[in-house]
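Visitor: I'd like a close look at one part of this protein. Could you walk me through it slowly?

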Amino acid sequence: MADLPRYEPPQRLVRTLGPGHPWLARLPELAERLLNDWELTLERVVAPGGRESTVALVHRADGTPAALKLLAADERPVADEAAALRHWDGLGAVRLLRADPRAGALLLERLHGETSLRSLPDAKATLEAMSTVRRLWVPPGEHPFTTVADHTGAQVDRVLGAAPEEVRPLVREALAAREELLGTPGPGVLLHGDFRQGVVLAADDPRAQWLAVGPQPLVGEPEYDLARLVRDRLHDLMASPGAPAQVRRRIRKLADSLDLDRERLRGWTLYRAVESGVRQLLTGDREDGEMLLEFAGWV
């Protein structure tokens with residue numbers, strides 16, 4: 001396949017990582033090798049693409065369409081994503097066709113990457129999201145995944161411990177909620193880890209109309225996974241009247257619809273919003289950081 005076009009990374013990825021990033025320098029050669037070794041024909045690289053990964057639309061040797069995902073990540077996160085997708089085996093999530101964690105490469109079934117649940121009205125998108133995430137919450141069996149306790153413990157050390165003084169009261173509230181939740185843990189299931197409307201894509205498959213992609217898998221209680229969904233479409237929520245009351249109603253509705261504990265969902269929603277808000281502040285994104293912390297104050 002020497003006549004394949006050169007694999008060029010999308011500009012969003014270049015801007016995020018920086019044009020001199022060593023992974024970017026290796027990317028075209030890496031992509032060409034995988035295309036040859038896995039007998040894939042390159043159709044096109046998806047743009048604008050992600051900020052830490054790139055996806056190319058390809059065809060397998062038998063003509064089947066697929067998607068080649070290349071991640072600028074250490075081997076462990078790629079191996080965890082592959083392990084979670086294998087465990088789900090297409091139940092609620094995109095099906096994994098092949099993986100090379102050392103190369104940061106995943107070959108996935110082709111979905112409609114341009115069409116996520118964000119394309120639907122919020123009420124309909126939320127119903128589809130709940131139907132999808134419910135299928136992902138399965139027993140993990142013998143697994144390599146990090147637990148919610150360990151994952152959030154690392155966040156406490158790396159992020160919340162460096163919070164600016166003016167947000168420390170809210171941070172203390174979030175830490176107290178985390179401590180209480182971990183003191184009485186719920187049943188441990190396999191979680192997506194970053195579940196939201198934008199990671200659920202349209203599929204042409206009889207098993208499901210919508211499938212999740214991009215897991216950052218953890219093992220813990222479902223309320224932790226659902227907490228990220230509570231703040232979906234946050235910019236729209238912030239601009240709407242009566243936003244604090246809407247947030248509390250959303251928590252009740254999501255918890256009740258999935259037979260989960262309202263207070264546990266509220267606690268994880270608070271913790272995850274504060275952690276995300278502080279992380280944004282520390283990386284210089286003050287607008288999003290302050291918005292997330294304001295949201296946390298409503299929970």
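Which residues lie nearest the centre of the second largest pocket, and how many residues line that pocket?

Guide: Happy to, and keep in mind that this is a predicted model. The second largest pocket has 13 residues in its lining. Nearest its centre you'll find Asp-122, Thr-126, Gln-246, Arg-250 and Lys-253. Three elements each give two or more residues to that lining: helix H4 (122-136), helix H8 (234-239) and helix H9 (243-257). As for the space itself, the volume of this pocket is about 290 Å³. Sort the lining by class and you get 6 charged, 5 nonpolar and 2 polar residues. If you wonder how such a space is found at all, rolling a probe the size of a water molecule over the atoms shows where empty space is left.

Now for the sheet. This one is open and has 5 strands, in the order S1-S2-S3-S5-S4, with antiparallel pairing. At the edges sit strand S1 (41-45) and strand S4 (96-100), each of which pairs on one side only. On average, neighbouring strands of this sheet are turned by 25 degrees against each other, direction ignored. Want to zoom in on one pair? S1 and strand S2 (residues 53-59) pair in the antiparallel sense over 4 bridges, and Thr-41 stands opposite His-59 in S2. Helix H2 (residues 22-37) packs on the sheet, touching S1, S2, strand S3 (65-71), S4 and strand S5 (105-109). The direction of H2 makes about 150 degrees with that of S3.

Note on methods
Residues numbered from 1 in each chain as written. Predicted model: local features only at pLDDT ≥ 70, side-chain atom pairs only at ≥ 80, totals over all residues. Heavy atoms only, no water. 1 Å grid on protein atoms, 1.4 Å probe; cavity = no way out; pocket = protein on both sides within 12 Å on 5 of 7 lines; lining within 4 Å. Points joined across faces, edges and corners; volume = space filled by probe spheres on them. Nonpolar A, V, L, I, M, F, W, Y, C, P; charged D, E, K, R; others polar. Pairing = 2+ DSSP bridges. Axes fitted to C-alpha atoms, helices over the stretch in contact; angles between N-to-C directions. Contact = heavy atoms within 4.5 Å.
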